[in-house]
Amino acid sequence: MKVLGTKFNVYSYPGQETIRTSLLEGRLKVYFPRAESEGITLKPHEQVSVTGTRMKVGTIPHADYFLWKDGIYSFVNEPLIDILKKLELYYDVKIMVKDPSIYTWEYTGKFRQRDGIDQILHTIQRIHKFKIVKDEENHIFTLSR
């Protein structure tokens with residue numbers, strides 16, 4: 001990456017196959033090593049997802065996408081599988097799902113970081129009915145129908 005602007009976010013974690021870079025203000029050039037001339041220059045409100053050797057440019061999903069910087073998690077029609085992955089990162093827990101059909105459910109809502117993982121899962125549970133079993137000692141939540 002070559003920073004040509006001032007505000008951007010990089011989503012890159014071990015075990016994740018996709019790296020996502022989002023630009024809020026300024027300009028940012030994203031390219032593979034030794035291939036800068038073939039890179040992509042992002043404009044504000046764009047993001048690039050890199051999977052393997054492929055880059056895909058799109059827009060930032062919604063205006064509240066980066067409220068997590070202010071302690072607010074915002075989801076708009078987001079598949080539960082993606083929400084659960086983020087919650088695992090945010091709260092350093094493991095969330096196991098016994099019924100994969102749960103992954104396809106979508107959710108829209110906002111939570112304060114201080115609400116905690118228990119409150120967030122219980123709120124989602126009111127809309128999409130599932131059971132939650134918590135292993136406090138190992139920080140594992142198991143969801144089932």
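**A first look at this chain**

The chain carries 22 positive and 18 negative side chains, and the centres of those two sets sit 4 Å apart. What you're looking at is a predicted model. Strands turn up a lot here: the chain has twelve of them, along with two helices.

**Overall layout**
- Starting at the N terminus, the elements go β-β-β-β-β-β-β-β-α-β-β-α-β-β.
- Measured out along the principal axes, the C-alpha atoms fill a box of roughly 50 × 30 × 25 Å.
- The chain has 145 residues, and 36% of them count as buried.
- Take the contacts with a separation of 6 or more: 45% of them are between residues 24 or more positions apart.

**The surface**
- The accessible surface adds up to about 9200 Å², and carbon and sulfur atoms account for 49% of that.
- There's a nonpolar patch on the surface made by M1, V3, F8, V10 and I19, which together have about 390 Å² of accessible area.
- One of the patch members, V10, belongs to strand β2, which covers residues 7-11. V10 counts as partly exposed because its relative accessibility is 35%, and partly exposed is the band between under 20% and over 50%.

**Salt bridges**
- The count of salt bridges comes to seven.
- One of them joins the side chains of E25 and K7, at 3.8 Å from N to O. This pair ties together distant parts of the chain, with E25 in strand β3 (residues 18-25) and K7 in strand β2, 18 residues apart. E25 is partly exposed at 39% relative accessibility, and K7 is partly exposed too, at 42%.
- K86 and E78 also pair up through their side chains, at 2.8 Å from N to O. Here K86 is buried, and E78 is buried as well.
- R112 and D115 make another salt bridge, at 3.1 Å from N to O. R112 is partly exposed with 43% relative accessibility, and D115 is partly exposed with a relative accessible area of 22%.

**Two residues with a positive phi**
- N77 isn't a glycine, yet it has a positive phi of about 45 degrees. You'll find N77 in strand β8, which spans residues 72-79.
- H139 isn't a glycine either, and its phi is positive at about 55 degrees. H139 sits in the loop between β11 (131-135) and β12 (140-144). With 48% relative accessibility, H139 counts as partly exposed.

**Two threonines to look up**
- T51 is in strand β6, residues 46-51. Its relative accessible area is 32%, so T51 is partly exposed.
- Setting aside neighbours within four places in sequence, T51 is in contact with E17 and T18. The C-alpha atoms of T51 and G15 are separated by 12 Å, and these two residues are 36 residues apart along the chain.
- T142 lies in strand β12. T142 counts as buried because its relative accessibility is 18%, and the cut-off for buried is under 20%.
- Again leaving out neighbours within four places in sequence, T142 is in contact with M96, K98, K131, I132 and V133.

Note on methods
Residues are numbered from 1 along each chain as its sequence is written. This is a predicted model: local features need pLDDT of at least 70, side-chain atom pairs count only at pLDDT 80 or more; totals for chains, interfaces and linings use all residues. Side-chain values use heavy atoms; hydrogens and water are left out. Helices (H or I, at least four residues) and strands (E, at least two) are DSSP runs, numbered from the N terminus. Buried means under 20% relative accessible area, exposed over 50%, partly exposed in between (1.4 Å probe, protein chains only). Contact means heavy atoms within 4.5 Å. Accessible areas come from the Shrake-Rupley method with a 1.4 Å probe; for residues, only the protein chains shown count as cover. Lys and Arg count as positive and Asp and Glu as negative; His and the chain ends are not counted. The place of a charge is taken as NZ of Lys, CZ of Arg, CG of Asp or CD of Glu. Patches are made of residues with over 30% relative accessible area and no salt bridge: like charges are joined within 9 Å, nonpolar side chains (Val, Leu, Ile, Met, Phe, Trp, Tyr) within 5 Å. A salt bridge is a side-chain nitrogen of Lys or Arg within 4 Å of a carboxyl oxygen of Asp or Glu.
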